[in-house]
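Here is a short tour of one structure, taken in three stops. Have the sequence and the coordinates open as you read.

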Amino acid sequence: MQIGILGGGQLGRMLALAGLPLNVRSLILEPAAEPCAGHVSPVISGEFEDYQALYKLACESEIITYEFENVPVTSARWLAERKPVFPPPEALAVAQDRLSEKQFFAQLGIAVAPFVAVNCREDYEAGIKKIGLPAVLKTTRFGYDGKGQAVVRNAEQVESAWNRLQGRPLILEGFIPFIRELSILSVRSRSGEMAFYPLVENVHREGILRQSTPLDNVSPSLQSQAEEIARKALNQLNYVGVLAIEMFQTGTEATSSLVVNEMAPRVHNSGHWTIEGAQTSQFENHLRAILGLPLGSCELRGYCQMFNLIGDIPPLEKILGISGVHVHHYGKGPRAGRKVGHITVCGNTQKERNDRSGHLLSVLDLL
Ligand code: AMP
């Protein structure tokens, strides 16, 4: 069995690796030279709009998936006329545009930040009147890791945000005073079977995810709120594969509710801990889902926490002596702000995990 993967970054690399024990081989389509997924899988080098390359991928793959959400929807639809493509291209179309994404969740009765479309200065000013400050101005497309957005807190920032982002389709959102950021990783298979990982708490700095911790004492009501949100989205899209939904938790711990920020129709950075920390990793469950195999358990195996390695890989001798530490080096070159690897810290008890993470953080500046 060979699957095609659009995108050759670390997500493609970890998907390809997860396939090997199931004898699922991968074939990657990637425009960039020397993709890191190419270390573990053959690569077709070509643009995502290169129809010769897409044709070759379709001919040589039984099922096609993606690890990159900005694949052109027209290419995904073209492939879907030839081979099964999962998740459905419709999910890509929704997720690629922040406006359609907000509308999608709002129509399902799921809470999102108040929002208005901003296509000109008049829209912007009317939006600020309607939503109030603070607010967040974002490009509707191609924003990631905090890029393409600006927080607007006062009159001065009204101007600076506009000057920085104008000229592209924008969305103005109300600023959500969250107590923490969470994500839920869910998976739905071709048979309609669904499974949900425990909620994950995420810490960002400079717009980049630094730390993800699955909640090991999550309140059942918060978990079921999140699962209900994911279930509605999965069913509405007739989704197949892993879907990640990022949310803000608001209110107090006792009276909290969830406000959806965005979704990613693919395996997700906030689920990397599942490789060592869950009964079944998100990568394996994504493959099981698209192959129509029974899903694996999403339960925790003990306690864990993930830290991203941003910019460069630290000397391994500094960290591999710490028990319970698992290093994932993506084989990418160093660059400021680039995700080049991650570390998952595991323990048999919460205290053991916390002590090990504390030790790691005393030798590396990760947060
Ligand atoms: P995004 O690109 O939408 O994932 O946003 C990146 C980060 O900016 C989020 O993880 C939040 O920390 C923050 N952020 C984005 N939108 C909002 C919002 N409406 N209210 C408060 N914080 C936000």
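Let's begin with a cut-off: a residue is called buried when its relative accessible area is under 20%. Keep in mind as well that this is a predicted model.

**A serine in a loop**

Is S61 buried or exposed? Its relative accessibility is 1%, so S61 counts as buried. As for its place in the chain, S61 sits in the loop that runs between α2 (51–60) and β4 (63–66). Its side chain has polar partners on the backbone: it reaches the backbone oxygen of L57 at 2.6 Å, and one of its polar atoms lies 3.4 Å from the backbone nitrogen of G4.

**The nonpolar core**

Our next stop is the interior. In soluble globular proteins, nonpolar side chains tend to be buried together. Here, the largest nonpolar core has 36 residues. Those with the most contacts inside this core are I3, L185, W273, F283, L287, I290 and L291. Several elements each supply at least two residues of the core: the strands β1 (2–6), β9 (180–188), β13 (241–250) and β15 (303–310), together with the helices α1 (10–19) and α10 (282–291). Which of them gives the most? That is α10, with 5 residues. The core also draws on two domains, taking at least three residues from each of domain 1 (2–85) and domain 3 (180–363).

**Around the ligand**

The last stop is the ligand. There are 14 residues around it, and K138, Q149, I176, E181 and E262 come nearest. By character, the shell divides into 5 nonpolar, 4 polar and 5 charged residues. Three strands, β6 (135–139), β8 (170–174) and β14 (257–264), each supply at least two residues of this shell. Why does the ligand lie between domain 2 (114–174) and domain 3 (180–363)? Because both domains give residues to the shell around the ligand.

Some side chains also make polar contacts with the ligand, including these:

| Side chain | Ligand atom | Distance |
|---|---|---|
| E262 | oxygen | 2.7 Å |
| R98 | oxygen | 2.9 Å |
| E173 | nitrogen | 3.0 Å |

How much of the ligand's accessible area does the protein cover? On its own, the ligand has 480 Å² of accessible area, and the protein covers 89% of this.

If you follow one residue through this last part, try E262: it is among the residues that come nearest to the ligand, and an N or O atom of its side chain is 2.7 Å from a ligand oxygen.

Key
Residues are numbered from 1 along each chain as its sequence is written. This is a predicted model: local features need pLDDT of at least 70, side-chain atom pairs count only at pLDDT 80 or more; totals for chains, interfaces and linings use all residues. Side-chain values use heavy atoms; hydrogens and water are left out. A residue is near a molecule or strand if one of its heavy atoms lies within 4 Å of it. A polar contact is a pair of N or O atoms within 3.5 Å; within protein, one must be able to donate a hydrogen and the other to accept it, and residues adjacent in sequence count only if both atoms are side-chain atoms. Accessible areas come from the Shrake-Rupley method with a 1.4 Å probe; for residues, only the protein chains shown count as cover. Helices (H or I, at least four residues) and strands (E, at least two) are DSSP runs, numbered from the N terminus. Ala, Val, Leu, Ile, Met, Phe, Trp, Tyr, Cys and Pro count as nonpolar, Asp, Glu, Lys and Arg as charged, and the others, Gly among them, as polar. Domain bounds come from an automatic or database domain assignment. A nonpolar core is a set of buried Ala, Val, Leu, Ile, Met, Phe, Trp, Tyr and Cys residues joined through side-chain atoms within 4.5 Å. Buried means under 20% relative accessible area, exposed over 50%, partly exposed in between (1.4 Å probe, protein chains only).
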